[in-house]
Amino acid sequence: MIGAGFGRTGTASTKRALEILGFGPCHHMEEVIKHPEEVDTWVRAARGEKVDWKTFMSRWGSSVDFPSAIYYRELMEAFPHGKVVLNVRSADSWYQSMSETIVPMLTRWPNRMITPWLPRISAPGRVMHDTKFRALVLEQFYANPEGVKKVFNDHIEEVKRVVPPEKLLVFEAKDGWEPLCKFLGVPVPSEPFPRVNDTAEFKRRVVGATVVSWVVLLLGVSVSLTVLRMILGFL
């Protein structure tokens, strides 16, 4: 199962749902953070270099979210029998969620200066560095909201145009189990549809990353001043 929806469209909940349904393990940006050995391959893909997608993604039973959603065409070619789930939501609500989560995580001061040097925390920024997401969304996010929303909507329309209708499910996580299970041909579980990684939860992560960045920055300044004083003391 190939996920083609942008992040912040219920992809974390969909990941959990797919794993419950037996389509796991499911790849998601959180897996890149857990597996930093993947980062170099995603960076090569972002630069337009050739990637053996069938081998690289062979350990995963499905995929959703960034960065894999950007390469849904390549994954369809590598896995021609795979179905595609396109997570969607309104462009306005997506923009609002992004503005409170992923964008400040990657661009807020001092995160943008410190996190590239922190293992695990740096992974999302690195794998998105040269993609259309970085170029068309992050770099003009606050300056051109309507343009950013257009990127989001254009991606949805592109997926609908590219993927054969019989292989595509346009899906909102709020719709729960029924459309997903019908599309995948599996029974509906008795447990509730998972609801994880909402905006409030992600905002707590942003605060945590910002605190870590400030601590690292201030420690670096303190150490630098101490070394400078030592050097001046010897002069």
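Let's start at Thr11, which sits in helix α1, a stretch covering residues 11–20. Keep in mind as you look around that this is a predicted model. Is Thr11 buried or exposed? Its relative accessibility is 4%, and buried means under 20%, so Thr11 counts as buried. Now look at who surrounds Thr11. If you skip the neighbours within four places in sequence, Thr11 is in contact with Gly5, Phe6, His28, Val64, Asp65 and Asn87. One of these partners deserves a second look: the side chains of Thr11 and Asp65 are joined by a polar contact of 2.7 Å.

Asp65 also leads us to another residue, Gly7. You'll find Gly7 in the loop between β1 (2–3) and α1. With its neighbours within four places in sequence left aside, Gly7 is in contact with Asp65, Phe66, Trp94 and Met98. How much relative accessible area does Gly7 have? The value is 0%, so Gly7 is buried. Try finding Ser97 as well: Gly7 and Ser97 are 90 residues apart along the chain, and 9.8 Å separates their C-alpha atoms.

Back to α1, this time to see what the helix packs against. A handy thing to know here is that two packed helices are described by the angle between their axes and the distance between the axes. For α1, take helix α12, which spans residues 177–184. The axes of α1 and α12 come within 12 Å and cross at roughly 50 degrees. That angle makes α1 oblique to α12, and the crossing of the two helices is right-handed. Which residues meet there? From α1 come Ala17, Leu18 and Ile20, and from α12 come Trp177, Leu180 and Leu184. Sort the residues of this contact by type and you get six nonpolar, no polar and no charged.

Now for another pair of helices, α6 (residues 91–100) and α11 (residues 145–162). Their axes are 10 Å apart, and the helices pack at an angle of about 115 degrees. Why is α6 described as roughly perpendicular to α11? Angles of 65 to 115 degrees count as roughly perpendicular, and that is why the label applies to α6 and α11. As for handedness, α6 passes α11 in a right-handed crossing. On the α6 side you can pick out Ala91, Asp92, Trp94 and Tyr95, which meet Pro145, Val148, Lys149, Phe152 and Asn153 in α11. Here the residues divide into six nonpolar, one polar and two charged. Trp94 may ring a bell, since Trp94 is also among the residues in contact with Gly7.

One more stop is Val196, in the loop between α12 and α13 (199–234). With a relative accessible area of 29%, Val196 is partly exposed. Val196 and Gly10 are 186 residues apart along the chain, and their C-alpha atoms are separated by 8.2 Å.

Finally, zoom out to the whole protein chain. The chain has 13 helices and five strands. Of its 235 residues, 49% count as buried, with Thr11 and Gly7 being two buried residues you've already met. What about contacts across the sequence? Among those between residues at least 6 apart in sequence, 75% join residues at least 24 apart.

Note on methods:
Residues are numbered from 1 along each chain as its sequence is written. This is a predicted model: local features need pLDDT of at least 70, side-chain atom pairs count only at pLDDT 80 or more; totals for chains, interfaces and linings use all residues. Side-chain values use heavy atoms; hydrogens and water are left out. Helices (H or I, at least four residues) and strands (E, at least two) are DSSP runs, numbered from the N terminus. Buried means under 20% relative accessible area, exposed over 50%, partly exposed in between (1.4 Å probe, protein chains only). A polar contact is a pair of N or O atoms within 3.5 Å; within protein, one must be able to donate a hydrogen and the other to accept it, and residues adjacent in sequence count only if both atoms are side-chain atoms. Contact means heavy atoms within 4.5 Å. Axes are lines fitted to C-alpha atoms, for helices over the stretch in contact, and angles run from 0 to 180 degrees between N-to-C directions. Angles under 35 degrees count as roughly parallel, over 145 as roughly antiparallel, 65 to 115 as roughly perpendicular and the rest as oblique. A crossing is left-handed if the near helix is turned anticlockwise from the far one by less than a right angle, and right-handed if clockwise. Ala, Val, Leu, Ile, Met, Phe, Trp, Tyr, Cys and Pro count as nonpolar, Asp, Glu, Lys and Arg as charged, and the others, Gly among them, as polar.
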